[in-house]
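Work through the exercises below with the sequence and the structure in view. Try each task before reading its solution.

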Amino acid sequence: MSLKLLEAQRAHMFAECNECYDYIAKYNVDRTKKSAFLTRAVVVEGNYEEFKSLVSQIEEMKMKEDETYEPNFQVLKSYNELLGCIRLTVQRLEVSKEKTTEAVIPESPKLPHLELPGFDGNMKNWTIFHETFLSIIHNNVRLTDDQRVQYLLSKLSGSALTVCSGIPPIGSNYQTIWNLLVDRYEDKRALASSYIDQIIKFKPIKSNDSKVEFQAFIDQLGAATLALQALNIENLAEFILYSIACKKLDAETGRQFETSILKETKMPSFNDLLTYVKNL
């Protein structure tokens with residue numbers, strides 16, 4: 001089987017997994033999406049062993065074609081992270097289904113064994129951290145707020161940890177700490193700007209023989225583009241123009257414009273920025 005065909009199969013399976021993961025967020029908003037999510041979860045689970053085999057075959061073929069090629073299993077790592085979230089959501093739904101009217105809470109509940117991703121304040125990592133933590137810890141009825149707050153703080157670092165510094169890490173403060181993080185980072189405009197920066201700052205590929213760079217192009221720009229589209233910005237093209245143009249202003253003018261639109265609920269456009277600059 002040709003390398004091109006294997007890569008196409010891998011891309012198709014990864015897309016199915018990513019689509020299933022997206023349905024977690026859809027289900028959290030619309031409970032009627034449960035059946036669609038579970039159907040996709042069965043398909044993704046059934047694809048797992050074949051996906052691992054495909055990744056190994058592709059890397060092996062690339063090594064045979066190019067002796068200098070270094071194997072790259074980043075796509076498998078990404079697949080595993082998505083599948084882990086999917087499995088835990090399925091498990092959560094099964095637990096919810098089995099619950100009786102009078103919930104029985106274990107005396108000494110244990111934290112999930114799955115390793116959660118950490119969060120250091122980098123906006124591009126917020127969505128995966130938020131959705132994973134929400135699914136595994138926040139919505140887990142077997143855990144107490146004392147456990148949730150300890151688990152949350154153990155996964156924070158950098159500016160994300162600074163956001164909640166000074167607040168005692170006790171169960172009664174868990175919701176306050178969680179809400180502070182959500183208010184700070186669940187910002188559609190900031191997330192969109194982060195994804196656009198990721199796309200713009202990607203270093204140009206210097207050689208058409210660099211398979212590693214092409215794979216990085218697919219992994220990084222592909223992920224950023226999908227995440228940007230998933231935000232469902234009403235006029236994405238206008239916002240992209242605004243983001244590019246805003247970076248051409250000096251830092252102080254940019255901050256002043258941002259301050260002037262703090263109370264705005266709609267996404268800023270290039271015309272908004274242009275009007276502001278004309279009135280300076």
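Helices are DSSP runs of at least four residues, numbered from the N terminus. The model used here is a predicted one.

**Exercise 1. Place Phe-217 in its helix and state which residues Phe-217 is in contact with, leaving aside its neighbours within four places in sequence.**

Step 1. Look up the helix: Phe-217 lies in helix H9, which covers residues 211–230.

Step 2. Check the accessibility. Phe-217 has a relative accessibility of 40% and counts as partly exposed, because that class lies between the 20% and 50% cut-offs.

Step 3. List the contacts. With neighbours within four places left out, Phe-217 touches Phe-202, Ile-205 and Gly-222.

Step 4. Take a residue elsewhere in the chain. Gln-150 is 67 residues away from Phe-217 along the chain, and 37 Å separate their C-alpha atoms.

**Exercise 2. Find how the chain is divided into domains, then describe the contact between domain 1 and domain 2.**

Step 1. Read off the bounds: domain 1 spans 3–96, domain 2 spans 123–185 and domain 3 spans 188–279.

Step 2. Locate the two partners. The centres of domain 1 and domain 2, taken over C-alpha atoms, are 26 Å apart. Eight residues of domain 1 and nine residues of domain 2 take part in the contact.

Step 3. Consider the area. About 740 Å² is buried between domain 1 and domain 2, and 60% of this lies on carbon and sulfur atoms.

Step 4. Look for polar links. Between domain 1 and domain 2 there are zero salt bridges, while one residue pair, both at pLDDT 80 or more, is in polar contact across the interface.

Step 5. Find the elements on the side of domain 1. Helix H1 (3–29) and helix H3 (74–98) each give two or more residues to the side that touches domain 2. The largest share, five residues, is from H3.

Step 6. Sort that side by residue class: five residues are nonpolar, two are polar and one is charged.

**Exercise 3. State how many salt bridges the structure holds, and examine the one that Glu-19 forms.**

Step 1. The total is eight salt bridges.

Step 2. The partner of Glu-19 is Arg-40, with 3.6 Å between the closest N and O atoms.

Step 3. Place both ends. Glu-19 belongs to helix H1 and Arg-40 to helix H2 (residues 34–65), so this pair, 21 residues apart, links distant parts of the chain.

Step 4. Compare accessibility. Glu-19 is partly exposed at 38% relative accessible area, and Arg-40 is partly exposed at 25%.

**Exercise 4. Explain the separation along the helix for two further salt bridges, Lys-64 with Glu-60 and Arg-148 with Asp-145.**

Step 1. Lys-64 and Glu-60 form a salt bridge at 3.7 Å, N to O. Because they are four residues apart in helix H2, about one helical turn separates Lys-64 and Glu-60.

Step 2. Lys-64 is exposed, at 66% relative accessible area, whereas Glu-60 is partly exposed at 45%.

Step 3. In the other pair, the closest N and O atoms of Arg-148 and Asp-145 are 2.9 Å apart. These two residues are three apart in helix H5 (residues 145–154), so Arg-148 and Asp-145 are also separated by about one helical turn.

Step 4. Is Arg-148 buried or exposed? Arg-148 is buried, since its relative accessible area is 10% and the cut-off for buried is under 20%. Asp-145 is partly exposed, at 33%.

Terms used. Residues numbered from 1 in each chain as written. Predicted model: local features only at pLDDT ≥ 70, side-chain atom pairs only at ≥ 80, totals over all residues. Heavy atoms only, no water. Domains from an automatic or database assignment. Contact = heavy atoms within 4.5 Å. Buried area = accessible area lost by both parts, 1.4 Å probe. Salt bridge = Lys/Arg side-chain N within 4 Å of Asp/Glu carboxyl O. Polar contact = N/O pair within 3.5 Å; in protein donor to acceptor, adjacent residues only side chain to side chain. Nonpolar A, V, L, I, M, F, W, Y, C, P; charged D, E, K, R; others polar. Buried < 20%, exposed > 50% of the residue type's maximum accessible area, 1.4 Å probe, protein only.
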